[in-house]
Amino acid sequence: MFFKKIGDFIIYLFLFSTAFLNGNEYQVAFYSDFEPISYSESRNSADSKFDNPKGYEVDLLKAMEAIPGSDMTFRFHGVKEWNNIWLAPYTNPKIDIAIGGIAREDKRLVDEEGKQVVATTHGTTRFNQSLLMNAKESLRIKKHEDLTCGYIVGAVRGTTGEYRYLEKTKIINDFDEGFIKKGMIVVLEDKSFLVSNGSLSIYDPKVAKRTMLIPPDCSLPITKYFIAEDTMIPALQEGSIDAIARGYIGNKLVADKSNGQLAVTAIFSLECPKNESITCSKKEESVFYVKVENKELLEKLNRYIDYLTDNGKIDYDDWKMNKNIFLERAKNY
């Protein structure tokens, strides 16, 4: 009888612990192409290693797993297409968290009807925007406004790198409204096109599948769109585009690996927007996105982000120098 009770108790503990662990396993959608912040071991979505994550934000989550008593584990799912990845916790019932160097933006919190459906954590890191160019060309282009029709600029649709580039070059009037300059030709995936009358916004669903922006005069650059970053880099190296508009951290990493062939230029920090919103920051702030109702998860993530980053004092540059910095802090929680 005694041994039977012990056996029953062991089985109970096993079942309880299994349920407990499964109940705290969170599903994470991560962007596959934003090295070094969030990227896949294999960029091929058909490869078994596509769901193996690497990068700064991944290490941040893995350090949370190592915090004594955190009771959190994460299963990662690679996402190749950037646009709307932040809505994954809302659109996909199997996803709890979306990551990938996703900047905090008011527009990303809501669905098509304007209802808030996702919430953001505290900041994981901060970054500036920039252009990546051939090193010689970068000597001529010191700011976005220097670009003319002689330059084709690559961008990923829906990124802050795209929006800030369009704003800085005056292709759109500003970040909030996004009205495309009058006369600009918007080429779509089906080869059709729209001509902006000045009231067409870059956020309009009609231009969601844009492939190119062709300016009405030579004072503005041509814009060519890509699905993901990994196809932009070869295009720049081959010369089919002249610049890449995106965050400084990713551009700097590529430049550092190019043996002096590529360089980062037109680096700028954000100013506070005209309407005091949550995006008001000298630099853009990367965050995690969760479903708005999941307040318990949001609170846990915020608590551990604050601790692991020492309330924002530990940033990407610190992690770059010591890739174990978050794990080391986790063990001392």
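**Exercise 1.** Find the bridge partner of Met 212 in β14, and describe how strands β13 and β14 run.

*Solution.* In this predicted model, where local features need pLDDT of at least 70, side-chain atom pairs count only at pLDDT 80 or more, and totals for chains, interfaces and linings use all residues, Met 212 is bridged to Lys 224 of β14. Residues are numbered from 1 along each chain as its sequence is written, and side-chain values use heavy atoms, with hydrogens and water left out. Strand β13 (residues 210-214) and strand β14 (residues 222-226) run antiparallel and are joined by 2 bridges; two strands pair if DSSP finds at least two bridges between them. Helices (H or I, at least four residues) and strands (E, at least two) are DSSP runs, numbered from the N terminus.

**Exercise 2.** Place these strands in their sheet, and explain why one side of β12 and of β16 is left without a neighbour.

*Solution.* The open sheet is formed by 8 strands with mixed pairing, ordered β12-β11-β13-β14-β10-β15-β9-β16. Because β12 (193-195) and β16 (262-268) stand at the edges with a single partner strand each, one side of each has no neighbour in the sheet.

**Exercise 3.** Decide whether helix α5 is largely enclosed by the rest of the structure or not, and list its buried residues.

*Solution.* Of the 9 residues of α5 (residues 160-168), 7 are buried, so the helix is largely enclosed by the rest of the structure; buried means under 20% relative accessible area (1.4 Å probe, protein chains only). The buried residues are Thr 160, Gly 161, Glu 162, Tyr 163, Arg 164, Tyr 165 and Leu 166. Just after α5, Lys 170 takes a positive phi of about 70°.

Terms used
Buried means under 20% relative accessible area, exposed over 50%, partly exposed in between (1.4 Å probe, protein chains only).
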